[in-house]
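Please take a moment to look over the sequence and the model shown here before reading on. The paragraphs that follow go through its open and enclosed spaces, its ligand, and a few single residues.

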Amino acid sequence: MDFRKTIRERRSIRRFHPSPVDQELVFTLLREARQLYSSGETAAFRCVYAGTADSRERLAACMLEPLIKNRLVKWLPEKVRDFVRKRVTDIPGHLAVIAATGPDRRESDMNYAAVCGIMQNFQLLSWQRRLGALWDTEPMMQSKELFHLLKMSPEERLVGIFHLGYFDKIPKARARTRAEKKWTVLSGGEGPVE
Ligand SMILES: Cc1cc2nc3c(=O)[nH]c(=O)nc-3n(C[C@H](O)[C@H](O)[C@H](O)COP(=O)(O)O)c2cc1C
């Protein structure tokens, strides 16, 4: 299997086909993603899957709550709310990934990073099955209502929600910053070289 090809060609999917996503497949991909990550077995996290119409409605309502509470947005027509709600309910599956936090910053960060690694594996494995994903970290997901729905404890952190579904069209790739632009060399005593 050409992993470089998968990494290069994977795209975030924002337009999903309405056909359902099998919960078993999501679970299998998650298990594989964990196994393929070096410290995957020790990473502390849990997932919540919303794949039924009812659960997607509940998720959408929680994601909308901060928008409704926002005084600036309050006057916005019902149409806008409906648009956001429908955007969530039309997507076949949503996988919330929740990481445990540790006793100190370092441990929390290490676990968070491991969970992100597993999530990237998940995106790549999904892509190989032609299952599209969008890794969502929008601020509107950090709502009390959503945390309550996901039964999150203060020791947990919502890493993101994967919106999942099959797709018809592969979006164009965004321009990437060349690695050289993010690269400096520490030389002997003169400071970093640009
Ligand atoms: C950690 C992480 C968080 C992301 N959060 C969001 C998000 O909140 N909203 C969104 O539209 N896309 C989000 N994305 C998707 C990126 O915007 C996407 O990767 C970018 O558009 C590049 O497209 P590509 O994945 O097709 O290469 C996120 C991606 C990552 C890796």
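**Spaces, ligand and single residues**

By class, the residues that line the largest pocket divide into 8 nonpolar, 3 polar and 4 charged. The model in which this pocket is found is a predicted one, and the volume of the pocket comes to about 310 Å³. The lining consists of 15 residues, and those closest to the centre of the pocket are Arg 87, Leu 134, Asp 136, Glu 138 and His 163. Two elements, α5 (78-89) and β3 (131-136), each contribute at least two residues to this lining.

The ligand can be taken next, since some of the names just given return around it. The residues that surround the ligand are Arg 10, Arg 11, Ser 12, Arg 14, Leu 134, Trp 135, Asp 136, Thr 137, Glu 138, Arg 174 and Arg 176. Sorted by class, this shell has 7 charged residues, together with 2 polar and 2 nonpolar ones. Several side chains can be followed down to single atoms: in the side chain of Arg 10, an N or O atom is 3.0 Å from an oxygen atom of the ligand, and for the side chain of Arg 14 the distance from an N or O atom to an oxygen atom of the ligand is 3.0 Å. Asp 136 also takes part, with a polar side-chain atom that lies 3.3 Å from an oxygen atom of the ligand. The ligand taken alone exposes 610 Å², and 70% of that area is buried by the protein.

From the open pocket and the ligand, the reader can turn to enclosed space. How many cavities of 30 Å³ or more does the count give? The count comes to 1 cavity, and the volume of the largest cavity is about 40 Å³. Its lining is made up of Leu 30, Phe 45, Leu 95, Val 97, Val 115, Ile 118, Met 119, Phe 122 and Phe 162. Two or more of these residues come from β2 (93-100), and two or more come from α6 (105-128), with α6 giving the largest share, 4 residues. By class, the lining of the largest cavity has 9 nonpolar residues, with no polar and no charged ones.

One residue of that cavity lining, Leu 95, can be looked at by itself. Leu 95 belongs to strand β2, and it counts as buried because its relative accessibility is 3%, where the cut-off for buried is under 20%. Along the chain, Leu 95 and Trp 135 are 40 residues apart, and their C-alpha atoms are separated by 9.5 Å. Trp 135 is also one of the residues that surround the ligand.

Finally, two residues in loops deserve attention for their backbone angles. Arg 130, which is not a glycine, has a positive phi near 65 degrees, and its place is in the loop between α6 and β3. Is Arg 130 buried, partly exposed or exposed? Arg 130 counts as partly exposed because its relative accessibility is 45%, and the partly exposed class runs between under 20% and over 50%. Lys 151 is likewise a residue other than glycine with a positive phi, here of about 55 degrees, and it lies in the loop between α7 (144-149) and β4 (156-166). With a relative accessibility of 69%, Lys 151 counts as exposed.

Conventions: Residues numbered from 1 in each chain as written. Predicted model: local features only at pLDDT ≥ 70, side-chain atom pairs only at ≥ 80, totals over all residues. Heavy atoms only, no water. 1 Å grid on protein atoms, 1.4 Å probe; cavity = no way out; pocket = protein on both sides within 12 Å on 5 of 7 lines; lining within 4 Å. Points joined across faces, edges and corners; volume = space filled by probe spheres on them. Nonpolar A, V, L, I, M, F, W, Y, C, P; charged D, E, K, R; others polar. Near = heavy atom within 4 Å. Polar contact = N/O pair within 3.5 Å; in protein donor to acceptor, adjacent residues only side chain to side chain. Areas by Shrake-Rupley, 256 points an atom, 1.4 Å probe, with all protein chains shown as cover. Buried < 20%, exposed > 50% of the residue type's maximum accessible area, 1.4 Å probe, protein only.
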